[in-house]
Amino acid sequence: RKAVSIPGLAAMREQGEKITMLTCYDASFAALMDRCGVEMLLIGDSLGMVCQGHTSTLPVTVADIAYHTASVARGNQKALVVADMPFGSYATPESAFNHAVQLIQAGAHMVKLEGGHWLAPTIQFLTERAIPVCAHLGLTPQSVHQLGGYKVQGKTTAAADLLKAEALAVQAAGASILVLEAIPAALGKEVTEALRIPTIGIGAGVDCSGQVLVMHDLLGVFPGRKARFVKNFMDGQSSIDAAVSAYVAAVKDQSFPAPEHCF
Ligand code: KIV
Ligand code: NA
């Protein structure tokens, strides 16, 4: 396949082809996911939980993300590599730029940040300086203490209206992709229809432009509590290649997420 690009992802949205994304933290899994046709590999700060054993993503550092990004970039050939900016690394536009440069130099093609209106100047600052941005709204795990736990977001009309306004704000600021986590499926659809950039859902319904899962959840190896939006794609498969291919096929034909994975 051709290398995945930001215009290529925009064209997929335009043509109604669903985009597949998985978290990835090392070179061997990067090579596997790339050959299975996954379009986007995310070095998520979820690595704090699934790799490091912390109970939140808050202890993860820029150096941690850079280390895993470099490993993923060495194993990958064609997928688009997205690196999470960890907690505390994008409090100001200048600080975000300096940390994002480290992640791009480690091999990321794009960085991901959690937040809405307050981030618009930062997103503009990064994209003006040639750093592509993926925004992340809904359940934003770096805000776990403010949110009071890992809870579904956007459930009231006021919260849904605010989320929609934030989605438009991050798009206007220059974000090329928006991740939507743990929101009602109807809101995922509404936000997707209101935007021109692709949306990638995790617990945000089947009408997003694409889907993302944490690879440890997809493989059924994460020992912690299982979120509603998680599906173990190892069920009925005899290899990890087959499980990842089954995930790609299920996202493409829209059999995943099914109603039981949605809010
Ligand atoms: O860190 C992560 O794995 C993420 C995805 C769940 C979107 O941000
Ligand atoms: Na993350």
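Begin by selecting Thr 122, which is buried, with 24 other C-beta atoms within 10 Å. A residue is called buried if 20 or more other C-beta atoms lie within 10 Å of its own, exposed if 12 or fewer, and partly exposed in between, with C-beta atoms placed from the backbone. Thr 122 lies in helix α6 (residues 120–128). Helices (H or I, at least four residues) and strands (E, at least two) are DSSP runs, numbered from the N terminus. Add Ala 108 to the selection: 14 residues separate Ala 108 from Thr 122 along the chain, and their C-alpha atoms are separated by 18 Å.

The model on screen is a predicted one, in which local features need pLDDT of at least 70 and side-chain atom pairs count only at pLDDT 80 or more, while totals for chains, interfaces and linings use all residues. Residues are numbered from 1 along each chain as its sequence is written, and chains are lettered from A and ligands numbered from 1 in the order in which they are written.

Next, select Ala 130, in the loop between α6 and β5. Is Ala 130 buried or exposed? With 7 other C-beta atoms within 10 Å, Ala 130 is exposed. Its C-alpha atom and that of Leu 9, 121 residues apart along the chain, are separated by 17 Å.

**The barrel**

Now display the strands. Eight of them form a closed barrel in the order β1-β2-β3-β4-β5-β6-β7-β8, with parallel pairing. From one strand to the next the twist averages 25 degrees. Axes here are lines fitted to C-alpha atoms, for helices over the stretch in contact, and angles run from 0 to 180 degrees between N-to-C directions. Two strands pair if DSSP finds at least two bridges between them.

**Strand β3 and its neighbours**

Select β3 (residues 80–84). Five of its five residues are buried, so the strand is largely enclosed by the rest of the structure. Leu 80, Val 82 and Asp 84 are on one side, Val 81 and Ala 83 are on the other, and all are buried.

Add strand β2 (residues 40–43), which pairs with β3 in the parallel sense over four bridges. Which residue of β3 is the bridge partner of Met 40? The partner is Leu 80.

Then add β4, joined to β3 by three bridges and running parallel. Val 111 in β4 is the bridge partner of Ala 83. To follow the chain from β3 to β4, trace helix α5 (residues 93–105); this β-α-β crossover is right-handed. The term applies if, with the strands pointing away from the viewer, the path from the first strand over the helix to the second runs clockwise.

Val 111 also stands opposite Val 133 in β5. Four bridges join strand β4 (residues 110–114) to the parallel strand β5 (residues 133–138).

**Strands β6, β7 and β8**

Move on to β6 and β7, which pair in the parallel sense over four bridges. Together with helix α9 (residues 185–194), β6 and β7 make a right-handed β-α-β unit. In strand β7 (residues 199–202), Thr 199 and Gly 201 point one way, Ile 200 and Ile 202 point the other way, and all are buried. Strand β8 (residues 210–213) runs parallel to β7 and is joined to it by two bridges. Gln 211 in β8 is the bridge partner of Gly 201.

**Ligand 1 and the annotated residues**

Select ligand 1. The residues surrounding ligand 1 are Thr 23, Leu 42, Gly 44, Asp 45, Ser 46, Asp 84, Val 179, Glu 181, Ile 202, Val 212 and Val 214; a residue counts here if its C-beta atom, placed from the backbone, lies within 6 Å. By class, this shell has five nonpolar, three polar and three charged residues. Ala, Val, Leu, Ile, Met, Phe, Trp, Tyr, Cys and Pro count as nonpolar, Asp, Glu, Lys and Arg as charged, and the others, Gly among them, as polar.

Within the shell, highlight Glu 181, listed by UniProt under "active site" in an unreviewed entry. UniProt positions are given in the numbering used here, feature names are shortened, and annotations may be inferred rather than shown by experiment. Glu 181 is found in strand β6 (residues 177–181) and counts as buried, with 23 C-beta neighbours inside 10 Å. Its bridge partner in β7 is Ile 202.

Finally, select Asp 45, Asp 84 and Glu 114, which UniProt lists for "binding site" (unreviewed entry). They span 70 residues in sequence, yet no two of their C-alpha atoms are more than 11.0 Å apart, so they gather at one spot. Asp 84 lies in strand β3 and is buried, with 32 other C-beta atoms within 10 Å. Asp 45 is found in the loop between β2 and α3 (47–50) and, with 28 C-beta neighbours inside 10 Å, also counts as buried.
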